Amino acid sequence: MNESRKEGRQSVLENSDYEIGLIGWVLVGLSLLLVLVTLPLSIWMCFKIVKEYERAIIFRLGRILKGGPRGPGLFFIVPCTDLFIYVDMRTVTFDIPPQEVLTKDSVTVSVDGVVYYRVQNATLAVANITNADAATRLLAQTTLRNVLGTKNLAEILSDREEIAHSMQVSLDEATDDWGIKVQRVEIKDVKLPLELQRAMAAEAEASREARAKVIAAEGEMNASRALKEASLVISEAPSALQLRYLQTLNTIAAEKNSTIIFPLPMDMMQSLMKR
């Protein structure tokens with residue numbers, strides 16, 4: 001495929017003024033003679049200026065003139081036999097309109113993006129396609145739908161950079177024969193249906209609640225283990241319970257609380273109940 005593309009490019013670029021034939025050379029000679037006769041007025045029709053960001057493709061009797069694009073600066077044409085077309089070489093930016101796409105898991109989403117491209121070969125951009133700008137825009141829309149149609153919703157939401165890179169490679173390969181270089185592709189926004197947004201929000205909320213319950217249960221389990229270890233320590237040293245009681249009283253007094261709690265041993269209660 002690359003060889004066929006190279007052959008196509010060479011066939012375009014090899015068109016020269018030597019292929020215009022005898023009659024063509026006669027017409028060119030008559031045009032030059034007319035220029036000489038009408039000097040110096042004709043000089044304004046022979047010299048043209050190309051801006052720094054432009055290139056000029058010259059057609060002599062319908063054939064692309066040998067030597068490639070002219071510019072930037074001053075160039076010479078032969079009146080009556082030469083025509084020229086300006087080609088802008090600056091980077092062009094355009095927005096891809098929102099595209100309704102059916103994903104691989106049968107979810108309808110609306111996706112838009114932006115494409116940056118420029119003309120890399122002015123000769124191919126003029127000779128191989130009618131309107132390179134419009135063709136690139138339409139191709140970008142089609143490529144966006146084709147690429148997203150092979151992805152799941154989760155992949156579209158999480159792998160935007162990979163999708164953009166895949167689109168750039170595909171567009172650059174398709175527009176290579178048009179002399180277009182796709183520099184960058186970006187996915188701007190992914191719009192989901194309102195019902196799907198509500199369902200995803202409910203799912204996320206349920207997931208957060210489930211994680212919160214798990215964390216609370218783990219905290220209760222850790223607290224119960226700590227209480228168990230504390231009870232074992234207190235059972236080994238009965239005086240530790242009295243120290244804990246005094247510490248509790250100190251905490252209550254620090255809060256300016258008039259309520260004081262006195263622990264009552266269960267042994268005393270049992271003895272009173274027996275009487």
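Let me start with how the elements are named: helices are DSSP runs of H or I with at least four residues, strands are DSSP runs of E with at least two, and both are numbered from the N terminus. Keep in mind, too, that what we have here is a predicted model.

With those names in hand, let's begin at Cys80, in the loop between β4 and β5, the strand at 82-88. Cys80 has a positive phi of about 75 degrees, and it is not a glycine. Why call Cys80 exposed? Because its relative accessible area is 71%, and the cut-off for exposed is over 50%.

Ser106 belongs in this part of the talk as well. Its phi is positive, about 60 degrees, and again the residue is not a glycine. You'll find Ser106 in the loop between β6 and β7, the latter covering 108-119. Ser106 counts as exposed because its relative accessible area is 59%. As background, most residues other than glycine have a negative phi, and most peptide bonds are trans.

That brings me to the peptide bonds. Which residues does a cis bond join, with omega about 0 degrees? Leu39 and Pro40 are one such pair. Pro40 sits in the loop between α2 (21-37) and α3 (43-46). The bond from Gly71 to Pro72 is also cis, with omega near 0 degrees. Pro72 is located in the loop that runs between β3 (63-64) and β4 (73-76).

Now for a helix, α7, residues 160-174. With 15 residues at 1.5 Å a residue, α7 should span 21 Å, and since its end C-alpha atoms are 21 Å apart, the model agrees with that expectation. Which residues of α7 are buried? They are Ile163, Ala164, Met167 and Leu171. Looking down the axis of α7, these buried residues fall within an arc of 95 degrees, so they line one face of the helix. The general reasoning is familiar: an α-helix has 3.6 residues a turn, so residues three or four places apart point the same way.

What do the buried residues of α7 pack against? Their partners are two strands and two helices: β6 (92-102), β8 (180-191), α5 (132-148) and α6 (153-158). On the face turned away from the buried side, α7 carries the exposed residues Glu161 and His165.

Let me finish with charged pairs. How many salt bridges does a search of the whole structure find? It finds six, and I'd like to show you some of them.

In one, Asp172 pairs with Lys181, and the closest N and O atoms are 2.9 Å apart. Lys181 counts as partly exposed because its relative accessibility is 29%.

Another joins Arg184 and Glu186, where the closest N and O atoms are 2.6 Å apart. Arg184, at 47% relative accessibility, is partly exposed, and Glu186, at 27%, is partly exposed too.

My last example is Arg90 with Asp88, whose side chains meet in a salt bridge at 2.8 Å, N to O. Here Arg90 has a relative accessibility of 43% and so counts as partly exposed. Asp88, with a relative accessible area of 34%, is partly exposed as well.

Thanks for listening, everyone, and do have a look at these spots in the viewer.

Terms used
Residues are numbered from 1 along each chain as its sequence is written. This is a predicted model: local features need pLDDT of at least 70, side-chain atom pairs count only at pLDDT 80 or more; totals for chains, interfaces and linings use all residues. Side-chain values use heavy atoms; hydrogens and water are left out. The expected span of a helix is 1.5 Å times one less than its number of residues. Buried means under 20% relative accessible area, exposed over 50%, partly exposed in between (1.4 Å probe, protein chains only). The arc is that of the directions from the helix axis to the C-beta atoms. Contact means heavy atoms within 4.5 Å. A salt bridge is a side-chain nitrogen of Lys or Arg within 4 Å of a carboxyl oxygen of Asp or Glu.
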